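User: I'm new to reading protein structures, and I'd like a close look at one part of this one. Could you walk me through the main pocket and the pieces around it?

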Amino acid sequence: GVSLLRYLDPKSSSECAKAAASWFSQVLFFREHDYKKAPDLPSEVEERQVICRLLQAMDIDILDYSITKEQGFDDPSLILTHGKADGNTFFVSFNEESTGIRKLLTLIPLVVKSLRLGSLLLADDLDNVLHPHLLRFILSLYQDHEKNPHHAQLVFTSHNTAILNPAVMRRDEICLCCRPEGTDAVLYPLLIKKKMASSQEMMKPMVNNIWKDAMVPTPGSDD
């Protein structure tokens, strides 16, 4: 993949190469290890408010944040301002936050940028350490035409079977990955299982781990 991208030089005389290089340059990536250290959150007031409003819409009581540079430390410190219903506030450093909050603080700026630019966001293990409600909230941002007017896309891997529900994701938006015995992993769209209608039917084989009999399509079969 890297070798190929080297040929997609924006200075190339090929319009196809330019278009491909431009597309790849706008792709955003979220990796599982990214939230181990404090993210580089925007300091501009408007962007900061957008991020905090999204967090509050998820029922997370972060009202604001500040980024400070302390003497003797290379990396700046990220301090989150939490607010209670009684009006009291308190401050928590990024490192003192829960793993889920740290992941959200790293992920949400990429989501906001993706929605603003209409770009593709690739995320590995998106559901890991996130509450199922938060995962569904993030998905809903991309499915809402008002919040996603530029048709941004989110492509992610997940082990959460709760999202395999027609109320959350359409079948044509879902691909399953399995590894039949003695073969390499196979990725195929759920849409090819035409007779699998309900969310309960979709989830049962995975919960019971019976991929071979119930989920893996046989060659030449379209049911």
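Analyst: Here is a walk from the pocket to one of the helices that lines it, and then to the neighbours of that helix. Keep in mind that this is a predicted model.

Let's start with the space itself. The largest pocket holds about 1,100 Å³. Its lining is made up of 31 residues, and those nearest the centre are Phe-156, Met-169, Glu-173, Ile-174 and Cys-175. Four elements each give two or more residues to this lining: strand S5 (120-123), helix H5 (132-143), strand S6 (153-156) and strand S7 (175-178). S6 contributes the most, with four residues. As for chemistry, the lining has 18 nonpolar residues, ten polar ones and three charged ones.

Now pick out H5. This helix has twelve residues, and from its first C-alpha to its last it reaches 17 Å, close to the 16 Å expected at 1.5 Å a residue. Its buried residues are Leu-134, Leu-135, Ile-138, Leu-139, Leu-141 and Tyr-142. Looking down the axis of H5, you would find these buried residues within an arc of 150°, so they line one face of the helix. The numbering makes sense once you know a simple rule: an α-helix has 3.6 residues a turn, so residues three or four places apart point the same way. And what covers the buried residues of H5? The cover includes helix H3 (45-57), helix H4 (99-117), S5 and S6.

From that cover, take S5 next. Ala-123 sits in this strand and is buried, with a relative accessible area of 5%. Leaving aside neighbours within four places in sequence, Ala-123 touches Phe-30, Val-155, Phe-156 and Thr-157. The C-alpha of Ala-123 also lies 8.5 Å from that of Leu-28, although the two are 95 residues apart along the chain.

H3 also belongs to the cover of H5. The 13 residues of H3 should span 18 Å at 1.5 Å a residue, and its end C-alpha atoms are indeed 18 Å apart. Buried in H3 are Arg-48, Ile-51, Cys-52, Leu-54 and Leu-55. These cover an arc of only 155° around the axis, which puts them on the same side of H3. On the other side of H3, Glu-46 and Arg-53 are exposed. The buried residues of H3 pack against strand S2 (62-68), H4 and H5, which brings us back to the helix that lines the pocket. Just after H3, Asp-59 takes a positive phi of about 70°.

Note on methods: Residues are numbered from 1 along each chain as its sequence is written. This is a predicted model: local features need pLDDT of at least 70, side-chain atom pairs count only at pLDDT 80 or more; totals for chains, interfaces and linings use all residues. Side-chain values use heavy atoms; hydrogens and water are left out. On a 1 Å grid over the protein atoms alone, a cavity is a set of points where a 1.4 Å probe fits but cannot get out, and a pocket is an open set with protein on both sides within 12 Å along at least five of seven lines; lining residues have an atom within 4 Å of a point. Grid points are joined across faces, edges and corners, and a volume is the space filled by probe spheres set on the points. Ala, Val, Leu, Ile, Met, Phe, Trp, Tyr, Cys and Pro count as nonpolar, Asp, Glu, Lys and Arg as charged, and the others, Gly among them, as polar. The expected span of a helix is 1.5 Å times one less than its number of residues. Buried means under 20% relative accessible area, exposed over 50%, partly exposed in between (1.4 Å probe, protein chains only). The arc is that of the directions from the helix axis to the C-beta atoms. Contact means heavy atoms within 4.5 Å.
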